[in-house]
Amino acid sequence: MDQDELLPGLVLRARGGFYEIETSHGLITASLRGRFKQNRSSGELVAVGDRVKLQRLPDGGAVIEQIEERTRTLSRRSPGRGQEQVIVANPDQAVFVLSCADPEPNFRMLDRLLVVAEREALPALICANKLDLVEPRSAKAAFGVYQQIGYPVLYTSALKGKGVSELRQRLRGKLSVFAGPSGAGKSSLLNRVQPGMALRTAVRELLPLKGGGYLADTPGLKAFALWDIEPDELDGYFREMAPLVRQCDFSDCTHTHEPGCAVRAAVERGEIDPERYDSYLRMRAGDTD
Ligand code: GDP
Ligand code: ZN
């Protein structure tokens, strides 16, 4: 087949074997070329966020002929079966929304989300929302540790509209996935970014942003924090610990009790935040609360 005749597009929605593809010719519904389905179920082959090439058919329909290689994926690995389920293909960033108060920020959850983002090499942006409910100084004290270890933190108030234009800017031209505890203000914040925009998390879809870019809205994101991660790889996903690991006396140091542990020494010197270290210990022990 002539490559030039194939129409490139982005998968915005996946539903029952049909895919809604955004193309330069508008939205096109396509099915998957039969040969793709031979070995695996089509659900694993194409995910929202995939870049594909379409062959248009005389009857007005279209088939997906090619699936481009993914830059990265957000996947869920079902425990035990070890099978990967792709939730979103090619995400550019994760936005983790917490509230400064009401509910109190759950930093354990944030640390788990950050570990998953690190594993997927997905840049993370932290939104500290409901800034209007607290003294800005105390919010900065609480979230400052994340800035120190290199994560951008945006202080926002969906109520007052604070930080919204900066968030809008940071979403522009990117495929972003949102996560965070319910009640933190994700829907309110997104509504401020673009009126009418709210995550429904009922179907898998990408929501286009007016200034360019997309938000991933998928039910699977709720399980963002529940993916299994091997205890021995955890230290590599804590940014402030990863560079120290090679300085531990034991190459298989778990940083829990061993003598000559560079990570624990850094905690004792105040160079690693004790709460972050505590998160590490809990995750190592298999805590998922
Ligand atoms: P979601 O579950 O993360 O989508 O959170 P919602 O957007 O539904 O917000 C939960 C509650 O917090 C609602 O009652 C919102 O009105 C409120 N809320 C959201 N953002 C703010 C904010 O910036 N300040 C204050 N004071 N309340 C907010
Ligand atoms: Zn160690």
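**Entry 1: ligand 1**

I began with the surroundings of ligand 1, where I found 15 residues, of which Asp132, Ala158, Gly183, Ser187 and Ser188 come nearest. I keep in mind throughout that this is a predicted model.

I then looked up the polar contacts of the ligand's oxygen atoms. A polar side-chain atom of Ser187 lies 2.5 Å from an oxygen atom of ligand 1. From the backbone, an N or O atom of Gly185 is 3.0 Å from an oxygen atom of ligand 1, and a polar backbone atom of Ala184 is 3.4 Å from an oxygen atom of the ligand. As for cover, I noted that ligand 1 has 580 Å² of accessible area on its own and that the protein covers 68% of it.

Which helix gives the largest share of the shell around ligand 1? I find that helix H5, residues 186-193, does so with three residues. When I sorted the shell by residue character, I obtained seven polar, five nonpolar and three charged residues.

**Entry 2: the zinc ion**

Next I turned to ligand 2, a zinc ion, and listed its donors as SG of Cys248, SG of Cys253, ND1 of His255 and SG of Cys261, at 2.1 to 2.4 Å. Along the sequence I read the spacing of these donor residues as C-x4-C-x1-H-x5-C.

What is the geometry of the site of the zinc ion? I record it as tetrahedral, with angles of 103 to 115 degrees among the four donor atoms. For reference, I wrote beside this that the ideal angle for four tetrahedral donors at a metal is 109.5 degrees.

**Entry 3: His255 and its partner in space**

I stayed with His255, which is in the loop between strand S13 (214-217) and helix H6 (262-268). Its phi is near 60 degrees, a positive value that I noted since His255 is a residue other than glycine. Is His255 buried or exposed? I count His255 as buried because its relative accessible area is 0%, where buried means under 20%. Cys248, another of the zinc donors, is buried too.

From His255 I followed a C-alpha to C-alpha separation of 8.5 Å to Leu281, which is 26 residues away in sequence. Leu281 belongs to helix H7, residues 274-284, and at 28% relative accessibility I enter Leu281 as partly exposed.

**Entry 4: strand S8 and the loop after it**

I then looked up Gln93, which lies in strand S8, residues 93-99. With a relative accessible area of 6%, Gln93 is buried. I also checked its separation from Leu122: the two residues are 29 apart along the chain, while their C-alpha atoms are separated by 5.6 Å.

In the loop between S8 and helix H2 (107-119) I located Pro103. The peptide bond that joins Asp102 to Pro103 is cis, and I read its omega as about 0 degrees.

**Entry 5: Ala121**

My last stop was Ala121, in the loop between H2 and strand S9 (124-129). The phi of Ala121 is near 55 degrees, again a positive value in a residue other than glycine. Is Ala121 buried or exposed? I enter Ala121 as exposed because its relative accessibility is 52% and the cut-off for exposed is over 50%.

Conventions. Residues numbered from 1 in each chain as written. Chains lettered and ligands numbered in written order. Predicted model: local features only at pLDDT ≥ 70, side-chain atom pairs only at ≥ 80, totals over all residues. Heavy atoms only, no water. Near = heavy atom within 4 Å. Polar contact = N/O pair within 3.5 Å; in protein donor to acceptor, adjacent residues only side chain to side chain. Areas by Shrake-Rupley, 256 points an atom, 1.4 Å probe, with all protein chains shown as cover. Helix = DSSP H or I, 4+ residues; strand = E, 2+ residues; numbered from the N terminus. Nonpolar A, V, L, I, M, F, W, Y, C, P; charged D, E, K, R; others polar. Donors = N, O, S within 2.8 Å, 3.2 Å for Na, K, Ca; no water. Tetrahedral: all angles 85-135°; square planar, octahedral: opposite > 155°, others 65-115°. Buried < 20%, exposed > 50% of the residue type's maximum accessible area, 1.4 Å probe, protein only.
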